Amino acid sequence: MDAKEYFQRDPEREAFYRTFYQICRRFNVTWSTATPEVRAFVEEATRVTYEQEKAQATIRLMSEIAKGRRSGEGRGCLTNEEMRAHFHARANEEPLEEDSLPEE
């Protein structure tokens, strides 16, 4: 690992270690003096807890996205497919010439 990687922040890694420290505090474990069995327990408890929290966050995110989609559809907003078609069509249009731009 070089210095750049060492100082680069990784939100996933930070969340994992935050969970690790919480597990150590919850079970009153000092990692440096823990037995191999206790370390294995803390590692597994951390992995399971982290994965559960990550899944719950994904479910909350998907729920919010679904709420936004339903809200937009109820108001007559464009669907994803309509937006893609709109921007795809715009990308294929000829650019406006300077003479055709309105005066400000």
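Which helix do the buried residues of α3 pack against? The views below, all taken from a predicted model, start with that question.

**View 1. Helix α3 and its buried residues.** Here we look along residues 36–74, the 39 residues that form α3. At 1.5 Å a residue this helix should span 57 Å, and its end C-alpha atoms are indeed 57 Å apart, so expectation and model agree. Buried in α3 are V42, A45, T46, T49, Y50 and G72. To answer the opening question, these buried residues pack against α2, residues 11–26. It helps to recall that an α-helix has 3.6 residues a turn, so residues three or four places apart point the same way.

**View 2. The crossing of α2 and α3.** The two helix axes come within 9 Å and cross at roughly 125°. An angle over 115 but not over 145 degrees counts as oblique, and α2 and α3 are therefore oblique to each other. Their crossing is right-handed.

**View 3. Side chains where α2 meets α3.** From α2, the residues in this contact are E12, A15, F16, T19, F20, Q22, I23 and C24. Their partners in α3 are V42, A45, T46, R47, T49, Y50, E53 and K54. Sorted by character, the contact residues comprise eight nonpolar, four polar and four charged.

**View 4. The loop residue N28.** N28 sits in the loop between α2 and α3. Although not a glycine, N28 has a positive phi of about 55°. Its relative accessibility is 71%, and because exposed means over 50%, N28 counts as exposed.

**View 5. What follows α3.** After α3 comes G76, with a positive phi near 85°.

Methods: Residues are numbered from 1 along each chain as its sequence is written. This is a predicted model: local features need pLDDT of at least 70, side-chain atom pairs count only at pLDDT 80 or more; totals for chains, interfaces and linings use all residues. Side-chain values use heavy atoms; hydrogens and water are left out. Helices (H or I, at least four residues) and strands (E, at least two) are DSSP runs, numbered from the N terminus. The expected span of a helix is 1.5 Å times one less than its number of residues. Buried means under 20% relative accessible area, exposed over 50%, partly exposed in between (1.4 Å probe, protein chains only). Contact means heavy atoms within 4.5 Å. Axes are lines fitted to C-alpha atoms, for helices over the stretch in contact, and angles run from 0 to 180 degrees between N-to-C directions. Angles under 35 degrees count as roughly parallel, over 145 as roughly antiparallel, 65 to 115 as roughly perpendicular and the rest as oblique. A crossing is left-handed if the near helix is turned anticlockwise from the far one by less than a right angle, and right-handed if clockwise. Ala, Val, Leu, Ile, Met, Phe, Trp, Tyr, Cys and Pro count as nonpolar, Asp, Glu, Lys and Arg as charged, and the others, Gly among them, as polar.
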